[in-house]
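Dear colleague,

I am passing on the structure below, together with some notes on what I found in it. Please look it over before reading on.

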Protein chains: 2
Amino acid sequence: MDFNKAYNEKLTYINHSLENLLKDRDSHPAVLSAMEYSLLAGGKRLRPVLLLSAYELAYLQDNSQKIEITKSELDFILPMACAIEMIHNYSLIHDDLPAMDNDDYRRGKLTNHKVFGEATAILAGDGLLNLAYEVMLENIPDSPQMINNYVKAMSEIAYSAGISGMIGGQIADMENQGEANEEEMLKYIHTHKTEALITASLKAGVLAYNNEPEVLNGVIAYGKALGLAFQITDDILDLTGEFSQLGKATGQDEKMGKQTYPARYGLEKSKVLAREYIDESISCLEPFGTKSEFLKFLSLSILDRKR
Amino acid sequence: MDFNKAYNEKLTYINHSLENLLKDRDSHPAVLSAMEYSLLAGGKRLRPVLLLSAYELAYLQDNSQKIEITKSELDFILPMACAIEMIHNYSLIHDDLPAMDNDDYRRGKLTNHKVFGEATAILAGDGLLNLAYEVMLENIPDSPQMINNYVKAMSEIAYSAGISGMIGGQIADMENQGEANEEEMLKYIHTHKTEALITASLKAGVLAYNNEPEVLNGVIAYGKALGLAFQITDDILDLTGEFSQLGKATGQDEKMGKQTYPARYGLEKSKVLAREYIDESISCLEPFGTKSEFLKFLSLSILDRKR
């Protein structure tokens, strides 16, 4: 299996759907342009790819004779995958605001408020968060059993995006800048700010299909390790990365006194920890054999990431 | 029927539930405090009261032998009523930000960002918007028919809160400050910024019970007239109200060159228009006779409002 090809196919599939979901919305052009600017600026699309892959894993475990899922069988869950990308993007727009991280660049382009102004950037973020729920609600299936699964997946996403998840992590991140770096707080910030939505993407993918405990628990353990590894590599890239590859300013964490793994453990130890979490994530996939090979590829690609 | 007493009972019922819905949330205290500060600061609770009243109307039309609905029959829909108040409150917090209307006072208290800082106010707003969906998802009923109705009501709320509704109105409001006052744009702003969520509250109340066309169309027509009357009286109060009663600065619309009814039609004509829209809203209730008396009372109270 050519994993890079499979990944790029998923990217195209997601990007095309994101475009369609924004197109022809009945709204004011000023907010639509600002939303498009950020949502369609590319990016790794990690969360929607994880959601689709987890749905695929649940499907393959349930249909042992199959070796892959067809596009038309995935179509049902694509809007939910796009919704989680909308939630991720709204959080980036708001995090970049002057009152928050005050960043000028994101994905190699000026940040949303730098182009459209703060008021529009705030509303574009609000708009994307709300649109995520609109899109999921527009695509609720008809059959009672499928509704139940779908709604459970939605609840998972909502909880992880909110004040008990991502927003909780972001406020802790803001509140603890310049504070002494405590292991417990560092973990709180990283699990809430980043890992929560990553794990929720995986859980939602499984829940939307069924809630088979082995698959569900497998992806939860996988997500917890992957999510931490992802945020640690993010911290490392802020220290060692290049603007030309990252598309955003580096050295920001240190300047703002952020709670990061390199600040707490040093760069080398952080790299070891990231590697360990990646290994851990891969070990969680063992029960699923070749059916989880794409998730394994995603783990390894995080370790190699330059952006 | 003592309508003031009935209104105050609904207020207590809603306020108590809002408190409970925030209490014991697993989150960071900094964002919880900021959310509580704004959400529990009182207010008219117009939108949740409308939602409960519309649900009651649908119930009474369906149960012609009954003359009122019991508290326990309303309990089912109370979280949705609270969710719409959370959405309204998030929009106030974000609208008050320096990048938007830059207001210092709201409901007689300092605005959220004045007390907690801009970053926390942005996150408190995000948190309330997201919590609205969490709360609705946590309270989805079990039976297939009830799920369908509930989800339709949720969709209505989501659509009206988003870029095709309230956010669309807010961006138009920001974009057209200081512009020539055009009737079409004025109407766009008022219908989207205010009327959309008011009408959605009523529609959601009916949809959550059933979707009997006569009741649904009745409350839609009622909401459209009531929502416009509400925003026109808002414009009027900004011009003629007292800080001590309104709890916020007056004369702000004129200072910011906002599109308002008094700016377009003058104060006296605006009062006449508000009265006409209130009369229109009441006429929409005729088919429901005494069952809609409380909604009629709400209409009349808007005309008399001092805050």
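To begin with a single residue: is Lys71(B) buried or exposed? This is a predicted model, and in it Lys71(B) has 9 other C-beta atoms within 10 Å, so it counts as exposed, the cut-off for that class being 12 or fewer. Lys71(B) belongs to helix H4 of chain B, which covers residues 71–75. In space, the C-alpha atom of Lys71(B) is 9.8 Å from that of Lys10(B), although 61 residues separate the two in sequence.

As to confidence, the model has an ipTM of 0.97 and a pTM of 0.98, while the pLDDT of chain A averages 96, with 100% of the residues scoring at least 70.

Next, the overall form of chain A. Its secondary structure consists of 16 helices and two strands, and its C-alpha atoms fill a box of roughly 55 × 50 × 35 Å along the principal axes. For 307 residues, a compact globule would be expected to have a radius of gyration near 19 Å, and the value for chain A, 19 Å, agrees with this. Buried residues account for 53% of the 307 residues in chain A. Of the contacts in chain A with a separation of 6 or more, 75% join residues that are 24 or more positions apart.

One helix of chain A deserves a closer look, namely H3, which runs over residues 46–62. At 1.5 Å a residue, its 17 residues should span 24 Å, and the end C-alpha atoms are indeed 24 Å apart, which agrees. Because 16 of its 17 residues are buried, H3(A) is largely enclosed by the rest of the structure.

I then turned to how the two chains meet. In the interface, 44 residues of chain A are in contact with 44 residues of chain B. On the side of chain A that touches chain B, the elements giving two or more residues are helices H2 (29–39), H7 (118–138), H8 (144–161) and H9 (166–175) of chain A, and the largest share, 14 residues, comes from H7(A). Sorted by class, this side of chain A has 26 nonpolar, eleven polar and seven charged residues. Since 100% of the interface residues of chain A are also interface residues in chain B, the copies meet through the same surface.

How are the two copies related? Chain A can be laid on chain B with an RMSD of 0.0 Å by a turn of 180 degrees, with a shift of 0.0 Å along the axis. The two copies are therefore related as by a two-fold rotation axis. Among the residues of chain A, Pro144(A) comes closest to that axis, its C-alpha atom being at 2.9 Å.

Finally, two residues drew my attention through their backbone angles. Most residues other than glycine have a negative phi. Arg107(A), however, has a positive phi, near 55 degrees, and lies in the loop between strands E1 (105–106) and E2 (109–110) of chain A. With 15 other C-beta atoms within 10 Å, Arg107(A) is partly exposed. Asp24(B), which is likewise not a glycine, has a positive phi of about 65 degrees, and its place is in the loop between helices H1 (3–22) and H2 (29–39) of chain B. Asp24(B) is exposed, as 8 other C-beta atoms lie within 10 Å.

With best wishes

Terms used. Residues are numbered from 1 along each chain as its sequence is written. Chains are lettered from A and ligands numbered from 1 in the order in which they are written. This is a predicted model: local features need pLDDT of at least 70, side-chain atom pairs count only at pLDDT 80 or more; totals for chains, interfaces and linings use all residues. Two residues are in contact if their C-beta atoms, placed from the backbone, lie within 7 Å. Helices (H or I, at least four residues) and strands (E, at least two) are DSSP runs, numbered from the N terminus. Ala, Val, Leu, Ile, Met, Phe, Trp, Tyr, Cys and Pro count as nonpolar, Asp, Glu, Lys and Arg as charged, and the others, Gly among them, as polar. Copies are superposed by least squares on the C-alpha atoms of residues with pLDDT of at least 70 in both. The expected span of a helix is 1.5 Å times one less than its number of residues. A residue is buried if 20 or more other C-beta atoms lie within 10 Å of its own, exposed if 12 or fewer, and partly exposed in between; C-beta atoms are placed from the backbone. The radius of gyration is taken over C-alpha atoms; the globule rule is 2.2 Å times the number of residues to the power 0.38. pLDDT is the predictor's confidence in each residue, from 0 to 100.
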